[in-house]
Amino acid sequence: MKKKHITRIPFTLGLIIACTSLIAVVIGCGEEEPTATPVPPPTQAPEPTAAPAPTEAPEPTAAPEPAEEAMAPSSDGQRGGSLIRGVSRTLRQWDYNTEAVWFAPQSLQRHYSNLVRFDPSDGTTILPDLATEWSIGDGADSFTFTIRDGVKFHDGQDLTLEDIKWTFERSKSPPEGERYPRLLALQSITDITIVDDNNITIEIENPNAEFIQNFAAAWGIVFAQHVMEQEGGMNGPDRVVGTGPFIIDEAEMEEFVTSRSNPDYFLMAPDGDPFPYLDEMTTVALSDVEARIAAIQTGRVDISSFDPAEFAPAVGALNSIGDSVRMEISPLAGINYLSMNANGPPFDDLKARRAAYLLFDRLRMQQLESLPTGEFASVPTGFFGTVDPFIDEIPDIWEVSKDTREEALAEGKALADELGITGFEMVVNSRSFFQELAQLAAQVYADAGWEVTLNVGDSAANAELIQSANFEMSMSTPNVVLPSVSAFLLEQYLPGGREANAAPPPDKVYDLLADLQGATDPVDAQAATREIQKVMREEWIPVVPMGKQVGSSELIANHVQDRPGALGQWFNLHTWMDVWIDENSPRK
Amino acid sequence: MRDYIIRRVLLLVPNLFILATLTFFLARVLPGDVALGLVAEDGSIIDQEAVEVIRERLGLNDPMPVQYARWMLQLLQGDLGKSDVSDISVVQVVTETAEVTFLLAILSVIIGAVMAIPFGILSAMMRGRWPDQVIRTFSAVFLALPNFWLGILLLLALVTWFSWSPPIFQETFLDAPVEQFQRLILPSIAIGTSFAAVATRLTRSTMLEVLNQDYIRTARAKGLFPNRVIIRHALPNAVLPVITLSALLFAGLLNGAVVLERIFALPGMGVEIVTATSERDFQLLQGLVLVLGAFVMVWMLLIDLIYVALDKRIQLE
């Protein structure tokens, strides 16, 4: 009897051990061994990426090179295989024009084409896409595009000029109950005319040579009219029909999007066949940063993308993972700034705004934001963030420069003393990155003698405070590319822009804006920009610029290849046509 | 019993009505709405006009009583509504997320129970000796560990030592049982271990209590084998509180183990509810809470019935 008693308990324990072992076996079963990746040259810790090159006003009449020449990569890509990219979020709506966030273009833009597009190597130069040529009218208020022949939608139907006309008329005048937050600029289109079989002219309200950049931006895609007008509209993946390098294959909202290559894509690769190189491309949502790191470490994904907020963990992961992956940093366009509510005290007073502007030490902020390795994770910016053509000069301007900082600080303190301001309340998004950023900003102000109280809430709660103008200051961090200084002014700071509570500008700003928009000579455009910035610093001060993170980061398996910059331009380029994988990929 | 069940089922109706009403009004206590959530980005409102257009389209400008009446009318017609953000029906969201949530809950409870019951019995039977000390120490440790942290540790350990991480694509259990099991096993272990820490202690204490009962002494005096005494006489009584605990855990898990679902990229109900809340997707939030409320109420009824089956002394009134 005793023997039985003794053996029964080990049996129970044995059962548990057996179950545990079974679980371990099941975990292992069905899995291929992670493919050994050849050791590449050691990857350097990322350098802070330079801001995008200054945007120059385009020539009145562009003489674009043929697409194929403009796209010549440094070496021929290899064809075949599939690539999986892990991102923090995917799409929430099939018609991504209806939402403002950039997650959706990351998953859907590769299915569409634009009239023109940005060169991935610099993010600003305009290249042909559906249009092979274009010209800007003498008054800089009309654009004529020559559309290439023989382009087909993924469902086999021909692209027509009617599709293009329909697309931009829809952007200009959205159907009732719909809005396209990222296409507001296109509402200044006044007329769209089909000139002949290949040419279409788009006219705009006010002269603006830079307007063409709206047609290259991530949201400026061309839709198929016959698909969009079907009953139910864009109600599922089968309605994602474009002319882009990839055809949507399978997708689940907020989970993944799998696409296969479009054999009829119109842009040719150097090997004489159409782009893309990949047979299949998948974007999958892995919301947790650790999950994305684990996925690339174990070969589940080929690329893991990290938000600006996840820069530090990504660098940490790179150091721990070793040589099988590299990191690329996509220049992050945009700006971080502090919005001041000019609809109420204290920032309805220009003196108070100037005090807040002068007391904020942008170089100190950059120092506080630096990585543990000492590298700067952000660059100081002016009012126009990374599209500022003079961004490199920011560290040397009077209120920022180390040499004159004390003078600026003294003036700021004198203004604050005069008004009796000792601090303010700042509305901040509850996500940890924003809170950390706000705490650093508060520290910068504390160094200057101002006390900042943080009012933390989620996006919708903060938006309500901002909409009702029930705040003093809020932190804003738009990552979105506004293609030019004029667009920045119109869409961000001027009345009708996103900063609805910003102080109204002095009248002269409108005159200077007209000068800028009408400038066909880059020298004139730069002169107007400088003058606008001077007025903004001294007579307007709509916001307090803080800086911008240098980039978003991606951990990329070494078997993923691209021509320089193709994987970059996080926001502007998601077509993936000139990315390929070599024979070391487990999915080739 | 039949009357009891009918009465409980009928009670679901007023309970769900109260739940629907509470959810409707509590959701609207939150500042902001879906229009602001859709059009705001990191501190600025991208398009002021868009906010009004969206509000008008979704009827958010209507007085609250009108919105409430519309929601109730919709429910009476058996329509749980659609997501304000994605336009997907609540029923479809539930269908797509329920499998993950249910499987995670079931697996967690099974893992927890498989660990807790034998260890609890062993601990009780070896009271004061080293196995008891070891089990109690471990249960205290796992009780203190947050389960999401344990989940991250498990993930990192497997990645580091075995270069393995769970599959990233969600498939149904019927289509790909092995892959689905692989996706669920780590979070289930994390949850199950935390649960086991509590349940082991509970099993031990109830077992000790039961082992001191007269009927156990009588059974031993009759000369029954110790294993038979434990399995046939002690265990059924000792395990009742564990079943209660499991039932409560299961009900809790139906609402989702949000953090673990997020870490392991599991598209479960918890993540959906949190996302709907942060996006102020009231229609989706109300629909999901109502469905889960109904699930939990039915589950509690089932637990009551299981009690009766396990313990004949319990009478349903």
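Modeller: Two strands count as paired if DSSP finds at least two bridges between them, and in this predicted model that rule can be tried on strand S13 (residues 336-340) and strand S18 of chain A, which run antiparallel and are joined by four bridges.

Colleague: What makes S13(A) and S18(A) a pair?

Modeller: The rule asks for at least two bridges and these strands have four, so they qualify as a pair. One position to look at is A:Ser339, which stands opposite A:Val543 in S18(A).

Colleague: How do you know that strand S14 (residues 378-379) of chain A also pairs with S18(A)?

Modeller: Two bridges join S14(A) to S18(A) in the antiparallel sense, and since the rule is at least two, that count satisfies it. Within this pairing, A:Val379 has A:Lys548 of S18(A) as its bridge partner.

Colleague: Why is S18(A) called largely enclosed by the rest of the structure?

Modeller: A residue counts as buried under 20% relative accessible area, and seven of the seven residues of S18 (residues 543-549) of chain A are buried, so the strand is described as largely enclosed.

Colleague: What makes A:Ser553 a buried residue, and in which strand does A:Ser553 lie?

Modeller: A:Ser553 lies in strand S19 (residues 551-557) of chain A, and its relative accessible area is 0%, which is under the 20% limit, so the residue is called buried. Leaving aside neighbours within four places in sequence, the residues in contact with A:Ser553 include A:Phe306, A:Phe311, A:Met327 and A:Ile329.

Colleague: Why are S4 and S6 of chain A called edge strands?

Modeller: They belong to an open sheet of four strands in the order S4-S5-S7-S6 (chain A), with antiparallel pairing, and strand S4 (131-136) and strand S6 (189-194) each pair on one side only. The twist from one strand to the next averages 20°. Inside that order, strand S5 (residues 142-147) and strand S7 (residues 199-204) of chain A pair over five bridges, and A:Phe145 has A:Ile200 in S7(A) as its bridge partner.

Colleague: How do you know that helix H4 (residues 161-172) of chain A packs on the sheet?

Modeller: Helix H4 of chain A touches S5, S6 and S7 of chain A, and its direction makes about 170° with that of S6(A).

Colleague: What makes A:Lys351 and A:Glu418 a salt bridge?

Modeller: The rule needs a side-chain nitrogen of Lys or Arg within 4 Å of a carboxyl oxygen of Asp or Glu, and the closest N and O atoms of A:Lys351 and A:Glu418 are 2.6 Å apart, so the pair qualifies. This pair links distant parts of the chain, with A:Lys351 in helix H8 (residues 350-359) and A:Glu418 in helix H10 (residues 405-419) of chain A, 67 residues apart. At a relative accessible area of 37%, A:Lys351 is partly exposed, because that value lies between the 20% and 50% limits.

Colleague: Are A:Asp361 and A:Arg405 buried or exposed, and what joins them?

Modeller: A:Asp361 is buried at 19% and A:Arg405 is buried at 7%, as both values are under 20%. Their side chains meet in a salt bridge at 3.5 Å, N to O, although A:Asp361 sits in the loop between H8 and helix H9 (362-368) and A:Arg405 in helix H10 of chain A, 44 residues apart.

Colleague: Why are A:Lys534 and A:Glu538 said to be separated by about one helical turn?

Modeller: They are four residues apart in helix H15 (residues 522-540) of chain A, which is why the separation is put at about one helical turn. Their closest N and O atoms are 3.6 Å apart, which is within 4 Å and therefore a salt bridge.

Colleague: How many salt bridges does the rule find across the interface of chain B and chain A?

Modeller: The rule finds three across that interface, and one salt bridge between the two chains joins A:Asp458 and B:Arg280 at 2.7 Å, N to O. Helix H3 (residues 48-58) of chain B gives the largest share of the side of chain B that touches chain A, seven residues. In contact terms, 59 residues of chain B meet 66 residues of chain A, and the area buried between the two chains is about 5,500 Å², of which carbon and sulfur atoms give 62%.

Notes:
Residues are numbered from 1 along each chain as its sequence is written. Chains are lettered from A and ligands numbered from 1 in the order in which they are written. This is a predicted model: local features need pLDDT of at least 70, side-chain atom pairs count only at pLDDT 80 or more; totals for chains, interfaces and linings use all residues. Side-chain values use heavy atoms; hydrogens and water are left out. Axes are lines fitted to C-alpha atoms, for helices over the stretch in contact, and angles run from 0 to 180 degrees between N-to-C directions. Contact means heavy atoms within 4.5 Å. Buried means under 20% relative accessible area, exposed over 50%, partly exposed in between (1.4 Å probe, protein chains only). Buried area is the accessible area (1.4 Å probe) that two parts lose on being put together, summed over both.
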